[in-house]
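Open the structure in your viewer and keep the selection panel handy. We will go stop by stop, choosing something to select and then looking at what is there.

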Amino acid sequence: MLLVENLHAGYGASEVLAGVSLQVKQGSVVALIGANGAGKTTTMRSISGMLKPSQGRVLLDGQPVQGYTAARIARLGLAHAPEGRKVFGPLSVEDNLLLGAYGRLPAFFGFRSQAAQDLARIYELFPRLRERSQQAAGTLSGGEQQMLAIGRALMAKPKVMLLDEPSMGLAPVIVQEVFRIITRLKEAGITLLLVEQFARSALEVADYVYVMEHGKIAVEGLPSEMHKNQRVLQAYLG
Amino acid sequence: MSALMWKRFLLIRGAELATFATLAAIPLFVSSSYALGLLTLLAIYGILLIGLDVSVGYLGQVNLGQAAFLGLGAYAAGLSVSLLGWGLPAALVASALTGLIIGALLALPALRLEGPQFALATLSFGALTVTVLNEWEGLTGGAQGLQLDRPPLLGIRLDAPAFYWLCMLFLALVWMLMRNLLSSHWGRSFEALRDSPIATDAMGVGTYRHKVAAFAIGSALGSFAGGLYAFNFQYLQPHSFVYELMVILLLGVVLGGRKSLWGAFVGAALIVLLPNLLSNRMLFQVFSALGLLMAVLAGVRGLLNKTTRPFQALAPIVAMGSLVVGGLLVANTEDWRKAIFALMLFSVVVGLPEGLMGFVTPLLSRLLRMAPPALPAPAALDEVLATRQVHGELLLELRNLKRYFGGVKAVDDVSMCVCAGHIHGLIGPNGSGKSTAVNVISGLYAPSGGAMLLHGKALPQGSLYRAARAGIARTFQNLQLFGELSALDNVMVALKGVYRMPLPLLLLGFARREEKRAQAEALALLQLVGLTQQARARARDLTYGAQRFLEIARALACKPELLILDEPAAGLAQPDVAQLIEIIRRIHQRGITIILIEHHMDVVSELCNVVTVLDGGKIIAQGSAAEVKRHPQVIAAYLGVAPAEAEHAQP
Amino acid sequence: MASTVIIQLIVSGALMGLVYALIAYGFQLTYSTSKSINFGQGELVMLSAFFSLTLIDAGLPYWLVVPGGLLFGALLGLFVERAAVRLALEQKGEGWILLTVIFGLLGFSAAENIWGRDDRPFPTPISAEPLHFFGIAVTPLEISVAIGVLAIMGLVELFKRKTLLGKAFEAVAADRDAAELMGVSATRIIMLSYALSGLVAAMAGILVAPITTVGPTMASALILKAFSVAVVAGLDSGFGVVVVGLLLGALESLASFYIGSGWREAPGLILLIMALALRPNGVFGKASIRKV
């Protein structure tokens, strides 16, 4: 579903990604782990078009999308729930969710009725969001904002979803909740690329794992193989 | 001084001397009063534009109020003479003071503004000034205008050549004084302010007083030029100082080239010549054709080198092209004066943003093989950063510190102590509140609750500047360098305890030794972080690793007691990380206490005496690096297990 | 009857103040999406009024002139965005300030030469005969201004709040990157905001033209006051502009009566400088958090 080949990217003069290749098969959950500064977030940003890759290819459902604007890639079916959540603070929770489906809803009228069913589904998944649907997103707690960011990405009914550090800055109880949700997404058959600092937990939900070091994929394989890999064990799994 | 240095000195000063000597000699050979009038105006506008360049070039703000200051100065001088009967020197002093005081008053509110708001404030000030000049008829004569006589100077009646010499003398004087000011720490601070006000504050260089000073000085020059303007024309009308003049003045600065005395001079010459250019159709056609040619050449070159975007290359060609076509179609170019200014200014802003001098200067220095000025030998590090005697006493204490953003509790009730002479590690997962904590300590954010004590006394809250003055220096996770300044200048901006020369003496050029001393000290700090070779390189052209080290050197220039390093190793390659550890060690040996936020556990383990672990805005563990590494909650939060499993793992 | 005079002054001043509010609203539209405003907005008001006058001269009926003028304003807005704003925004600089000033000057000069320097009357089917309510004289023309201003602001607000495209406006304002990730093209939204801003400016021009007459300088005073209103109310607050606009209009009408007609401009400018000094984010604006 998502295929990345030899991706190079960076900020200004410094190159952060030095040839990243990975793939995410339909319906699978792929985890991308690695030390801070290894280039995980940069990889996500280059895939979704927030950052223009200087070299390499990104294929979404077989179609090359590298070099497109983020908006165009999003409309082609890639939803990116970015690091730091980035919900639209002044807008209501419901408006945030509706905007998640911007690409497939009519721009002027009738979008509410068309989105009603999807909204209901999201609210079912995140009952807290239903309670707060008319509240400004900026007033939510960190955990609720993360639910909203995930819900907003789901509203797009994406072919592939990128989830960047969903547990960042959250209290331990909430982190567990986040992982439960990821498990449910997996059960629902969502194609997911996950960046996570809780490597061990990420390994538990993932079907396949890539480990990044210094802007490259250093190790890849099934989660079970990771547990046997001395290098990975030492560096990331304590 | 070496031969190369002499060559540089002679060429630069020689060019200035030759220009002014030629200008001074002109009245001896040219008797046309018209030409002399234009040259007098050149001197006046030269002074005005040097002033405008301070805010537009150095501060990087769009200032739409300079025409008003010209008017205020002109009326101040005019009224001093016609109403109070003052002499010429007193009237000129009055005009300069008017600008200085009103400029400072306007800057006081305006210093809180940036970009569009600043432009709006100055625009409104300009409009308000014209309204007042127009309506206060009892004083200014309103739209009728104000007639005045040029008083004698020291009993000598000033005829046209004498007045011209006087104006030129003032231009030369202003040139010299401003060169001294702008090449001193003042000028550097102005520029630093433009690139990163946050870092300027954090280095203990007051954004406040520098911005006010810069604007007041620029305004004073504007109104001083106004005084000369009044005595040149001897008749004033509010209508002369409106918006249109302001746009022309901006054209002068931008076209001449920002941050350049020569640029102001060239710009002034252009402004003076423009009306003549427009009144002669033939001349205008030649000029616009030249402009088109330049636009095409520059555009094609830019496109071939891929340094410009297509819009940047094409838009000036279209604009200059329409000038050429318009010149052929329109009978009276005077009528289209404003449109012509607009198109020219547009082409320059888009196509030649550096201005003429910005374009010519590097060309000339390459052509003449000018060497940059030599640097002194680095000072001894002991003289720059004296070793502090520390015995692990309590330095910084945080009590129940809180900082909330909306519903997010970024720092939630954190209490910790930092001991003098320690390297205190602060670790935790992304978003755990480490950066927010140091942002509160260093004064970027005011705390939502709790107390911070330095040496048992309350630390200033919510002010980077005052925290810096209290002895806290920091680096930034997302670099906040002064990108356009050289590495050396970056350090020199922050340097504390060197600049002692009072302003008047500095203006007269007595700060050279101090400047050499500052260079030597800054070089010593660059040497400490291994950047001596890159001293002259522009900060934004440095490699990423070098930029990180430069930030450390700059923070050290504040000669701090407590140094906060916010993820200094983020994004560094392995050899750089090794060098970083070595640098931090050396800083530590000088008795500087360090708070180190870091993700690389190896760096933390190797350096830190004490480590505090944050998660979700709260402290979850504290102790030596080895201790916290064994702590189950830390393993859970930091090393990669979600909390549920960690609890199982707990013995 | 001093009180009647005062009320009369306040009412007619406040009606004029609505026009300032409308122009200020145009600044807010672009500022919210792109953090930039068109410093040549006054020339957009003036050019659209001239264009509409030309349509009237060509014999078009009034109900065709208005949409024609609005369309012209929207096109000018698009032109300004392309020529003066986009490059500067891409470079993350503030070059747009100078560039929009430049285009204002260009528009002014073009109007001077195309339509002449003289003020010309703007015919309108709406009567200027005053009606009297409790001793206060109000002309239908003034009422039409009030209705027009409130109607177009209401429509645009409705668009922003009730349509998904409108919500995309607010999304871009809140977080441009995140909006892009939702498939919202920020570049298009900014273009659209400039078009809307131009349209609003044209509306202001058409509404005010019958009262002020049409000439190259017709908007130079208007625009300064609109700046004041926008800054005092805050460049990101919706209906604050109406309140401040009404207030400023009333204030200056009082000032011009009691101090002298030339001082008409003073309250706005003083208010502006004071507001900038005391509350740089505007009375109704929100404080922003500094980030590093």
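The tour below visits chain B, then chain A, then the contact between chains C and B. Keep in mind as you go that this is a predicted model.

**Stop 1: chain B as a whole**

Select chain B and zoom out. Along the principal axes, its C-alpha atoms fill a box of roughly 100 × 60 × 55 Å. If you color by secondary structure, you can look for 28 helices and twelve strands. The chain has 651 residues, and 51% of them count as buried. Among its contacts with a separation of 6 or more, 74% join residues 24 or more positions apart.

**Stop 2: a covered helix**

Now select residues 337-351 of chain B, which make up helix H15. How many of the 15 residues of H15(B) are buried? The count is 14, so this helix is mostly covered, going by the cut-off of 20 or more other C-beta atoms within 10 Å. Try a distance check here as well: the end C-alpha atoms are 21 Å apart, which agrees with the 21 Å that 15 residues should span at 1.5 Å a residue.

**Stop 3: the six-stranded sheet**

Stay in chain B and show the strands E8-E9-E10-E5-E11-E12, listed in their order across an open sheet with mixed pairing. Its edges are E8 (472-474) and E12 (618-623) of chain B, each of which pairs on one side only. From one strand to the next, the twist averages 20 degrees.

Zoom in on the E8 edge. E8(B) pairs with strand E9 (residues 562-566) of chain B in the parallel sense, over three bridges. To find one of the partnerships, select B:Arg474 and look across to B:Ile564 in E9(B).

**Stop 4: two residues with positive phi**

Most residues other than glycine have a negative phi. Select B:Asn400 and B:Lys559 for two with a positive value: phi is near 50 degrees in B:Asn400, and near 50 degrees in B:Lys559.

Their settings are worth a look. B:Asn400 is found in strand E3 (residues 394-405) of chain B, while B:Lys559 is in the loop between helix H23 (544-557) and E9 of chain B. Which of these is buried or exposed? B:Asn400 counts as exposed because it has 12 C-beta neighbours inside 10 Å. B:Lys559 is buried, with 22 other C-beta atoms within 10 Å.

**Stop 5: strand E7 of chain A**

Move to chain A and select residues 160-164, strand E7, where five of five residues are buried. Both faces are covered: A:Val160, A:Leu162 and A:Asp164 lie on one side, and A:Met161 and A:Leu163 on the other.

Next, show the strands that pair with E7(A). Strand E6 (residues 78-81) of chain A pairs with E7(A) in the parallel sense over four bridges, and A:Leu78 stands opposite A:Val160. Strand E8 (residues 192-195) of chain A also pairs with E7(A) in the parallel sense over four bridges, with A:Asp164 opposite A:Val195. Follow the chain from E7(A) through helix H7 (residues 172-187) of chain A to E8(A), and you will trace a right-handed β-α-β crossover.

**Stop 6: where chain C touches chain B**

Finally, show chains B and C together. The contact takes 33 residues from chain C and 40 residues from chain B. On the chain C side, the elements giving two or more residues are helices H3 (62-90), H4 (95-115), H9 (220-233) and H11 (266-278) of chain C. Highlight H4(C), which gives the largest share, twelve residues. Coloring by class will show 24 nonpolar, six polar and three charged residues on this side.

Conventions: Residues are numbered from 1 along each chain as its sequence is written. Chains are lettered from A and ligands numbered from 1 in the order in which they are written. This is a predicted model: local features need pLDDT of at least 70, side-chain atom pairs count only at pLDDT 80 or more; totals for chains, interfaces and linings use all residues. The expected span of a helix is 1.5 Å times one less than its number of residues. Two strands pair if DSSP finds at least two bridges between them. Axes are lines fitted to C-alpha atoms, for helices over the stretch in contact, and angles run from 0 to 180 degrees between N-to-C directions. Two residues are in contact if their C-beta atoms, placed from the backbone, lie within 7 Å. Ala, Val, Leu, Ile, Met, Phe, Trp, Tyr, Cys and Pro count as nonpolar, Asp, Glu, Lys and Arg as charged, and the others, Gly among them, as polar. A crossover is right-handed if, with the strands pointing away from the viewer, the path from the first strand over the helix to the second runs clockwise.
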